[in-house]
Amino acid sequence: MERLAVQRLALKRLALRFSLPVVLGLLMVLVGCGAAAGGNGARGGGGAENEVDMASVNFVQKAISVKAGTAVTLVDPAATGSFHILFFGHNQVCAPNVSGPAALNAAGGITFNAGAPPMSITFTTPGTYEVTCTVHPVMNVVITVS
Ligand SMILES: [Cu+2]
């Protein structure tokens, strides 16, 4: 009898230990704008010009300007980056912009982990595009395409 009680207690502790990570994992999945998981699409090489760098909780650049048809390279450095999910929008609120690259309108957005290969996306239509991260409250960058 005593042994059974001890086993039950151990099981309970085990369940508690695993429930928090499971809940956190589910929350991470729900952070995106859409239901489906995104992942990275085509990735291009880096380059300081027309580059947007991600830090731990924000973008390094607050705004950049590029010519239409130019690729913007998104970089999440291994040493200073973090986990990010990027979409068109502001302050974690998604605002799809069909004039912009499809990847930033996709259900899962663009997911980055620190040290992920840089990703280049091309803006073909002039306009003002704001990109936000759904993980971090005030992580925004404005990309002006002329
Ligand atoms: Cu972020």
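Two strands count as paired when DSSP finds at least two bridges between them. Keep that in mind for the views below, which show a predicted model.

**View 1. The whole chain, with one helix and nine strands.**
Before zooming in, here is the setting. Going from the N terminus, the order of elements is α-β-β-β-β-β-β-β-β-β. The protein chain has 146 residues, and 25% of them are buried. Among contacts in the protein chain with a separation of 6 or more, 69% link residues 24 or more positions apart.

**View 2. The open sheet β1-β3-β7.**
Three strands make up this open sheet, and their pairing is mixed. At its edges are β1 (51-53) and β7, each of which pairs on one side only. Averaged over the sheet and with direction ignored, neighbouring strands are turned by 25° against each other. Both kinds of pairing can be followed here. β1 and β3 run parallel and are joined by three bridges, with aspartate 53 standing opposite valine 75 of β3. β3 and β7, in contrast, pair in the antiparallel sense, over five bridges. One residue pair to look for is valine 72 with its bridge partner in β7, isoleucine 121.

**View 3. β4 and its pairings with β6 and β8.**
Why is β4 described as largely enclosed by the rest of the structure? The reason is that six of its seven residues are buried, where buried means that 20 or more other C-beta atoms lie within 10 Å of a residue's own. β4 pairs with β6 in the antiparallel sense over three bridges. Its pairing with β8 is likewise antiparallel and also has three bridges. Leucine 86 is a handy landmark for both pairings: isoleucine 110 of β6 stands opposite leucine 86, and so does cysteine 133 of β8.

**View 4. The β4-β5 hairpin and its turn.**
β4 and β5 pair in the antiparallel sense over two bridges, and glycine 89 has cysteine 94 in β5 as its bridge partner. Two residues lie between the strands of this hairpin. If you like checking backbone torsions, this is a good place to pause. Most residues other than glycine have a negative phi. Asparagine 91, in the turn, has a positive phi of about 45°. Glutamine 92 is not a glycine either, and its phi is positive too, at about 75°. Asparagine 91 lies in the loop between β4 and β5, as does glutamine 92. Are these residues buried, exposed or partly exposed? Asparagine 91 is partly exposed because it has 13 C-beta neighbours inside 10 Å, and glutamine 92 is partly exposed because it has 18.

**View 5. Proline 96 in the loop between β5 (93-94) and β6 (110-112).**
Past the hairpin, the chain enters the loop that holds proline 96. Proline 96 has 14 other C-beta atoms within 10 Å, so it is partly exposed. Which residues does proline 96 touch, not counting those up to four places away in sequence? They are Phe88 and Asn105. For a distance to check in your viewer, take the C-alpha atoms of proline 96 and alanine 107: these residues are eleven apart along the chain, and the atoms are separated by 9.9 Å.

**View 6. The largest nonpolar core, with 26 residues.**
Which residues touch the most other members of this core? They are Leu74, Leu86, Leu104, Val131 and Ile143. Two or more residues come from each of β3 (70-75), β4 (84-90), β6, β7 (119-123), β8 (127-133) and β9 (140-145). The largest share, four residues, is given by β4. That is the strand from View 3, with six of its seven residues buried. Leu86, one of the core residues named above, is also the landmark that stands opposite cysteine 133 in β8.

**View 7. The contacts of isoleucine 143.**
This last close-up centres on one of the core residues that touch the most other members, Ile143. Which residues is isoleucine 143 in contact with, leaving aside its neighbours within four places in sequence? The list is Ile64, Val66, Val72, Phe123, Tyr129 and Val131. Two of these names have come up before. Val72 is the residue whose bridge partner in β7 is isoleucine 121, and Val131 is listed with Ile143 among the core residues that touch the most other members.

Terms used:
Residues are numbered from 1 along each chain as its sequence is written. This is a predicted model: local features need pLDDT of at least 70, side-chain atom pairs count only at pLDDT 80 or more; totals for chains, interfaces and linings use all residues. A residue is buried if 20 or more other C-beta atoms lie within 10 Å of its own, exposed if 12 or fewer, and partly exposed in between; C-beta atoms are placed from the backbone. Two residues are in contact if their C-beta atoms, placed from the backbone, lie within 7 Å. A nonpolar core is a set of buried Ala, Val, Leu, Ile, Met, Phe, Trp, Tyr and Cys residues joined through C-beta atoms within 7 Å. Axes are lines fitted to C-alpha atoms, for helices over the stretch in contact, and angles run from 0 to 180 degrees between N-to-C directions.
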